[in-house]
Amino acid sequence: MKPRLPLQILAILFAICSPAHAAPPLDQAIVREAAKCYREGQWLAALEQFKVIAARASDLESTAKANFYLGECSMQLGQHDAAKQAYLRVLAAGDGAEYRSRSAFRIGEIARMTGQTAEAELALRQFLCENPHDPLSPAANSLLGDIAAEEGYSAKAIALYQTAINEETDSGSVVQSRLGMARVLLASGQPNQVPVTLGSLTQSEDSNIKLEALLLRGRAEYDAHQYERSLKTFRLASRLPVANSLVNRARLAAGWSLWKLARNEEIAEEIGQIPLDALLATEYHYLLGMMAYSKKDWTTAIGEFTQAVAEPTSSFHDAALYYLGESCLQSEQFHQAKQWDAILIDNHGDSQWADDAVWTLIQIARKSGDREEFEQASALLRSRYPRSEYLPLLAANPWIENSNDNLPAAGTSGTATFEEAVAFEREGHFDAALAAYSDLISAEGETTLRPEALWRIARLHERLKQRSESASVYKRLLADFPSFDRSAEALINLARLKADLGEQAIAENLHKELLEKFPQSPQADEAAYWLALAAADVKDSETAHTYIELILESWNQQEEATGDRHNLIRGQALCLKCQLDAEDGRWPEIRKLLNSHDWKSETGPISSRLSYWEAESDFRLGEYIAARKKYENIQLLTVGLAEPWIPMVPLRLAQLASRQQQWKQVLELVKDIDVSYPEFELAYEADYLRGRALAGLGQMSKARGAYQEVLQNELTSGLETAAMAQWMIGETYFHQCDYENAHDAYKQVMLKHRFPEWQARAALQAGKCAELKGRWQEAIQLYRQALESWQDSEVADQLSGRLEWSQRQATLEPSTLLN
């Protein structure tokens, strides 16, 4: 059931029943009955009454209110289509601003609830654009955060949730935003940020909120390998006095923490009281199966894993299938093992566990002496899973003809240790995995698997946020095994680690080494981008352009990028090139660049940034109608985001509205900039536009206040905007016929600002003020000085004309010659 928005029913009834609105008058009994039914939650009865009220209301505002509550009743009854139509009637009424904004929000909410994600996003963004400071804006940002999270845009989701939290006016919205943000942080590998994000929710008086917050905190501790802390948190959650299925989830999570701590004897008691539904049953039996697997109790493991695979929609299903096959292998039930592995490979070939299943088939073939099956499984592993962790093992252990045992080939005694390490890593026992890989490296005579072991040690240290240790191992790997097949990837990882450690010069040299040694590798584009960015940071645009061209040439040579990382790097390179060209004023080149690359099919922050550069090129090239349409589209796409360039969008829209003298719209846009982007560096441009709009509306005193804000901003020192603001102060006085103050303001432009065109214009206006006060000699002096100092000004002809006029007037008034 949807929460009710505040009824404010008395205000509605008063408005509808007032004699000024009643024609014909409503039956008071219907009004009272509608109010009573709504308050008591009798939604169907209330709906019927509001239908009558809506039909008889005689003015648009009353119709809008009645239709709004029609929509509310329909929402409570789950009649989403009817609710949407009622809200659309509110919008069509064109009156009742409060109910219009609520209805606009509800339309987006309905689309979200009914799975129409694209429509929901558009409606919610439109709502925020039109009502940026509405009390429901946090809820809209929270819903948009949910959508971004589902689409995989973690940074965008976090920004939207944070906006909702910062603008919080509704406690329900902030709770959902904090919980949603915590989920995204976990999904994006940032568990350490989760406790701060949750804040005091783990102490909430609402047990359901507290339960969910504790689960998220426990998950963060678990992902950070703090298993004792996660166990304590999960146990705290599982003991909350609340009838919620998440309590059982907490008990299972506590069981997993115990498993990580190797306290297997406590697991059965911890999870024994869980009432099982289908999904929980899968995880329950999978955990018990893993416990038996750790003890090498293959019979029990097979029994538990067999029950775990019964629910194919569970997230544990594929892992349970793999371990079921592995348990059958270990108990030498080869036929059953092959059956389970085949199910996993055939039906879930994209699963992270599929290559493990193929490796099990290879082991079965080796043990049973079936070379044909060995070759088939080996070929499958190489072709379908070219980055599988088992390929080094396969290379180290080829088929041995006429072998009577199942031992690895001679010289590969580290194979068992390597397989043990891989198993530890797969199961999340990272310290044990590091120890096993280290044993393999230190073993005498073992060389075949040593580079792969070093690679895995470096990767594990990186996963555990042990950057220095990871960098040292990558460095050793590259030095000892220069022909390692993932050297390019090792180089880019090492460079990234060095940059994170603040060793920028070393990182830059590593990127150069990668480009030199592996120019055709998938990592070359990333190295080139970071080198371009480093060059741009020191204003070496020529070098930056050189590296960017390498990326764009690589882009043109391939029909499509080889993954999300490539798409990201190429999009970032396009953004950087646009920025460099913009700094040089190369707007036609930006347009040509964007037209020659396919980037509009992508979505997300990079696409929005490129859309901005496209609109900006139109703006700078004077194509204002096209620019305005593009900026308006970008504004919808970037609602709730907080990247530094985003305030430029409403600023440009305000400037474009100013060109068309749409002063009220200008004021609305600059107000939004003030409220939404208080740290905007170009806020003085918004102040200038506010002054223009106020002056355009005839509010000269207020306009001067806005222009003074420009002059008082220390960032405007030496800028043309300051000269323009000072000149406009003179204009406000001039239009009020206050020629003395206007004259003084114009003189300030001439004396304090170094922009010849504005100085010349100020001299022209100051001269006019002198003329109007009858001070012809002063006017003559101003015009002469201006013509001598700024003879190339656009107003030079006007200055000459005014000079001649003033000279003639001076001869006609002898008294002026005596001054």
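This is a short dialogue on reading helix packing and domain contacts in a predicted model.

Q: How are two packed helices described?
A: In general, one gives the angle between their axes and the distance between the axes. Let's try a pair here: helix α39, residues 720–735, packs against helix α40, residues 739–752, at an angle of about 165 degrees, and their axes are 7 Å apart. That angle makes α39 roughly antiparallel to α40.

Q: Which handedness does the crossing of α39 and α40 have?
A: The crossing in which α39 passes α40 is left-handed.

Q: Which residues in α39 and α40 meet?
A: On the α39 side you will find Ala723, Gln726, Trp727, Ile729, Gly730, Glu731, Tyr733 and Phe734. Their partners in α40 are Tyr739, Asn741, Ala742, Ala745, Tyr746, Gln748 and Val749. Sorted by character, the residues of this contact of α39 with α40 are ten nonpolar, four polar and one charged.

Q: May I see another pair? At what angle do helix α33 and helix α34 pack?
A: Happily! Helix α33 (residues 605–620) and helix α34 (residues 624–637) pack at about 160 degrees, with axes 8 Å apart. So α33 is roughly antiparallel to α34. Here, α33 passes α34 in a left-handed crossing. In α33, the residues that meet α34 include Ser608, Tyr612, Glu616 and Phe619, while those of α34 include Tyr624, Lys630, Tyr631 and Leu637. The contact of α33 with α34 divides into nine nonpolar, two polar and four charged residues.

Q: How far apart are the axes of helix α26 and helix α27?
A: For α26 (residues 467–480) and α27 (residues 487–500), the axes are 9 Å apart and the angle is about 145 degrees. Once again look for the handedness: α26 passes α27 in a left-handed crossing. Among the residues that meet are Arg467, Tyr474, Lys475 and Leu478 in α26, and Leu491, Asn493, Lys498 and Asp500 in α27. The residues of this α26 contact with α27 comprise eight nonpolar, three polar and four charged.

Q: Let's step up to domains. Which domains does the assignment give?
A: The domain assignment of the protein chain lists domain 1 (203–275), domain 2 (277–382) and domain 3 (414–480).

Q: How many residues of domain 1 and domain 3 are in contact?
A: A good way to start is with the centres: the C-alpha centres of domain 1 and domain 3 lie 31 Å apart. Four residues of domain 1 are in contact with five residues of domain 3. The area buried between these two domains is about 370 Å², and carbon and sulfur atoms give 56% of that area.

Q: Which residues in domain 1 lose the most area to domain 3?
A: They are His225, Trp259 and Lys260, together giving 95% of what the domain 1 side buries.

Methods
Residues are numbered from 1 along each chain as its sequence is written. This is a predicted model: local features need pLDDT of at least 70, side-chain atom pairs count only at pLDDT 80 or more; totals for chains, interfaces and linings use all residues. Side-chain values use heavy atoms; hydrogens and water are left out. Axes are lines fitted to C-alpha atoms, for helices over the stretch in contact, and angles run from 0 to 180 degrees between N-to-C directions. Helices (H or I, at least four residues) and strands (E, at least two) are DSSP runs, numbered from the N terminus. Angles under 35 degrees count as roughly parallel, over 145 as roughly antiparallel, 65 to 115 as roughly perpendicular and the rest as oblique. A crossing is left-handed if the near helix is turned anticlockwise from the far one by less than a right angle, and right-handed if clockwise. Contact means heavy atoms within 4.5 Å. Ala, Val, Leu, Ile, Met, Phe, Trp, Tyr, Cys and Pro count as nonpolar, Asp, Glu, Lys and Arg as charged, and the others, Gly among them, as polar. Domain bounds come from an automatic or database domain assignment. Buried area is the accessible area (1.4 Å probe) that two parts lose on being put together, summed over both.
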